[in-house]
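The following exercises concern helix packing and nonpolar cores in a predicted model. Each task is followed by a solution in steps.

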Amino acid sequence: MDALELLKQDHHKVKQLLTQAKETEDKKKQRQLFKEIKAELEIHARIEETIFYPAVAEHEELKERTLESVEEHKQVKTLLREMSRLGSTSEKFKAKLKVLADNVEHHAEEEEEQMMFPKVRKLMNASELQELGEEL
């Protein structure tokens with residue numbers, strides 16, 4: 001699978017988990033979903049930061065966007081740490097979950113539709129994207 005399709009699938013999976021977590025009133029279920037979300041986001045960020053971003057940053061016109069994406073990841077990681085420390089009955093958890101969902105949605109939309117993926121698709125051929133996908 002090509003790298004962009006793989007990353008889109010990751011984004012979609014996390015967005016679905018976030019929707020489920022926001023919609024449930026069951027605190028135990030919400031915590032379980034949060035653990036899945038956290039694990040998915042940590043893996044996703046690691047592969048983007050160590051493999052995908054360095055590969056696309058080789059193209060001058062994408063360097064700035066990759067730096068912005070790394071900064072967005074830092075914000076998400078901070079939220080994940082804060083949420084992990086909150087007790088299961090904390091009133092702040094649901095608010096932070098909403099902010100996390102908004103940040104992830106914004107990040108995914110910018111990468112997929114606006115700032116990065118369309119440019120990557122123009123700059124890299126199908127075999128390069130396939131090879132990068134295998135690496136991811």
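**Exercise 1.** Determine which residues of the largest nonpolar core touch the most other members, and which helices supply this core.

*Solution.* Begin with the membership: the largest nonpolar core holds 18 residues, and Leu18, Ile37, Leu41, Leu100 and Val104 touch the most other members. Next, assign the core to secondary structure: helix 1 (3–23), helix 2, helix 3 and helix 4 each supply at least two of its residues. Helix 4 contributes the largest share, 5 residues. Finally, separate this core from its counterpart: another core, of 17 residues, lies apart from it and includes Ala3, Ile47, Tyr53 and Leu136.

**Exercise 2.** List the contacts of Leu100, leaving aside neighbours within four places in sequence.

*Solution.* With those neighbours set aside, Leu100 is in contact with Leu18, Ile37, Leu41, Val76, Leu79, Leu80 and Met83. Among these partners, Leu18, Ile37 and Leu41 also belong to the group that touches the most other core members.

**Exercise 3.** Characterise the packing of helix 3 against helix 4, and decide whether the two are roughly parallel or antiparallel.

*Solution.* First, take the geometry: the axes of helix 3 and helix 4 come within 10 Å and cross at roughly 160°. Second, apply the cut-off: angles over 145 degrees count as roughly antiparallel, and helix 3 and helix 4 are therefore roughly antiparallel to each other. Third, give the handedness, which is left-handed. Fourth, classify the contact residues: 10 are nonpolar, 5 polar and 6 charged. On the helix 3 side they include Ser69, His73 and Val76, and on the helix 4 side Asn103, His107 and Glu111.

**Exercise 4.** Describe how helix 2 packs against helix 4.

*Solution.* Helix 2 (residues 27–56) and helix 4 (residues 92–115) pack at an angle of about 30°, and their axes are 13 Å apart. Their crossing is left-handed. Among the residues that meet are Phe34, Ile37, Leu41 and Tyr53 from helix 2, with Leu97, Leu100, Val104 and His107 from helix 4. By class, the contact comprises 8 nonpolar, 2 polar and 4 charged residues.

**Exercise 5.** Establish whether Ser69 is buried or exposed, and which residues it touches beyond four places in sequence.

*Solution.* Locate the residue first: Ser69 lies in helix 3 (residues 63–85). Its relative accessibility is 0%, so Ser69 counts as buried, the limit being under 20%. Excluding residues up to four places away, Ser69 touches Tyr53, His107, Glu111 and Met116. Of these partners, Tyr53 is one of the helix 2 residues that meet helix 4, where His107 and Glu111 are among the residues met.

Definitions and conventions: Residues numbered from 1 in each chain as written. Predicted model: local features only at pLDDT ≥ 70, side-chain atom pairs only at ≥ 80, totals over all residues. Heavy atoms only, no water. Helix = DSSP H or I, 4+ residues; strand = E, 2+ residues; numbered from the N terminus. Buried < 20%, exposed > 50% of the residue type's maximum accessible area, 1.4 Å probe, protein only. Contact = heavy atoms within 4.5 Å. Axes fitted to C-alpha atoms, helices over the stretch in contact; angles between N-to-C directions. Left-handed = near helix turned anticlockwise from the far one by under 90°. Nonpolar A, V, L, I, M, F, W, Y, C, P; charged D, E, K, R; others polar. Core = buried A, V, L, I, M, F, W, Y, C linked by side-chain atoms within 4.5 Å. Parallel < 35°, antiparallel > 145°, perpendicular 65-115°, else oblique.
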